[in-house]
Amino acid sequence: QVQLVESGGGMVQPGGSLRLSCAVSGSISRINFMGWYRRAPGKERELVASISGGGSTNLADSVRGRFTISRDIAKNTVFLQMNSLKPEDTAVYYCNLRSLIDYWGQGTQVTVSS
């Protein structure tokens with residue numbers, strides 16, 4: 001059974017940094033895509049960052065230059081480094097793994113507030 005467990009969320013002041021981790025456990029034959037989504041109150045879910053099976057990365061315009069997605073293949077973990085955080089980054093962040101089906105983590109709250 002594949003499980004995704006996120007960690008690293010919390011509360012930070014504007015301009016601060018957080019690093020989210022998504023640890024993948026279980027057997028999976030192929031990873032096509034891993035991504036970080038977020039959902040802010042009253043807003044649609046948004047794809048923030050993604051990394052393909054081949055290692056290509058993409059970032060949403062709203063976070064480009066501030067966020068970085070990376071992975072540690074040996075540890076089956078994907079990271080989202082978030083710098084220069086803004087109040088509008090406040091949301092629940094979800095890790096997604098796309099193989100033959102989609103897998104989701106439970107979400108981790110990120111709050112940016114002074």
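1. What is the volume of the largest pocket? The value is about 210 Å³. The model is a predicted one, and the points below should be read with that in mind.

2. The lining of the largest pocket consists of 13 residues. Those that lie nearest the centre of the pocket are Ile 31, Met 34, Arg 71, Ile 73 and Asn 76. Four strands each give two or more residues to this lining: E3 (18-25), E5 (46-52), E7 and E8.

3. What kinds of residue make up the lining of the largest pocket? Seven are nonpolar, four are polar and two are charged.

4. The next points turn to charged pairs. Side chains of opposite charge can pair when their charged atoms come close. Over the whole structure, a search gives five salt bridges. Three of them are described here, one at a time.

5. Arg 38 and Glu 46 form a salt bridge through their side chains, with an N to O distance of 2.8 Å. How do the two partners sit with respect to the surface? Arg 38 is buried, because its relative accessible area of 6% is under the 20% limit. Glu 46 has 26% relative accessibility and is partly exposed.

6. Arg 64 pairs with Asp 61 in another salt bridge, and here the N to O distance is 2.4 Å. Arg 64 is partly exposed, at 48% relative accessibility. Asp 61, at 66%, counts as exposed because its value is over 50%.

7. Which residue forms a salt bridge with Asp 89? The partner is Arg 66, and the closest N and O atoms of the pair are 2.7 Å apart. Asp 89 belongs to the loop between strand E8 (77-82) and strand E9 (91-98), while Arg 66 belongs to the loop between strand E6 (57-59) and strand E7 (67-72). The salt bridge therefore ties together parts that are 23 residues apart in sequence.

8. Are Asp 89 and Arg 66 buried or exposed? Asp 89 is buried, with a relative accessibility of 0%. Arg 66 is buried too, at 11%.

9. The pairs in points 5 and 7 should be read together. Arg 38, Glu 46, Arg 66 and Asp 89 belong to one network, joined by salt bridges that share partners. Within this network, Arg 38, Asp 89 and Arg 66 are buried, whereas Glu 46 is partly exposed.

Conventions. Residues are numbered from 1 along each chain as its sequence is written. This is a predicted model: local features need pLDDT of at least 70, side-chain atom pairs count only at pLDDT 80 or more; totals for chains, interfaces and linings use all residues. Side-chain values use heavy atoms; hydrogens and water are left out. A salt bridge is a side-chain nitrogen of Lys or Arg within 4 Å of a carboxyl oxygen of Asp or Glu. Buried means under 20% relative accessible area, exposed over 50%, partly exposed in between (1.4 Å probe, protein chains only). On a 1 Å grid over the protein atoms alone, a cavity is a set of points where a 1.4 Å probe fits but cannot get out, and a pocket is an open set with protein on both sides within 12 Å along at least five of seven lines; lining residues have an atom within 4 Å of a point. Grid points are joined across faces, edges and corners, and a volume is the space filled by probe spheres set on the points. Ala, Val, Leu, Ile, Met, Phe, Trp, Tyr, Cys and Pro count as nonpolar, Asp, Glu, Lys and Arg as charged, and the others, Gly among them, as polar.
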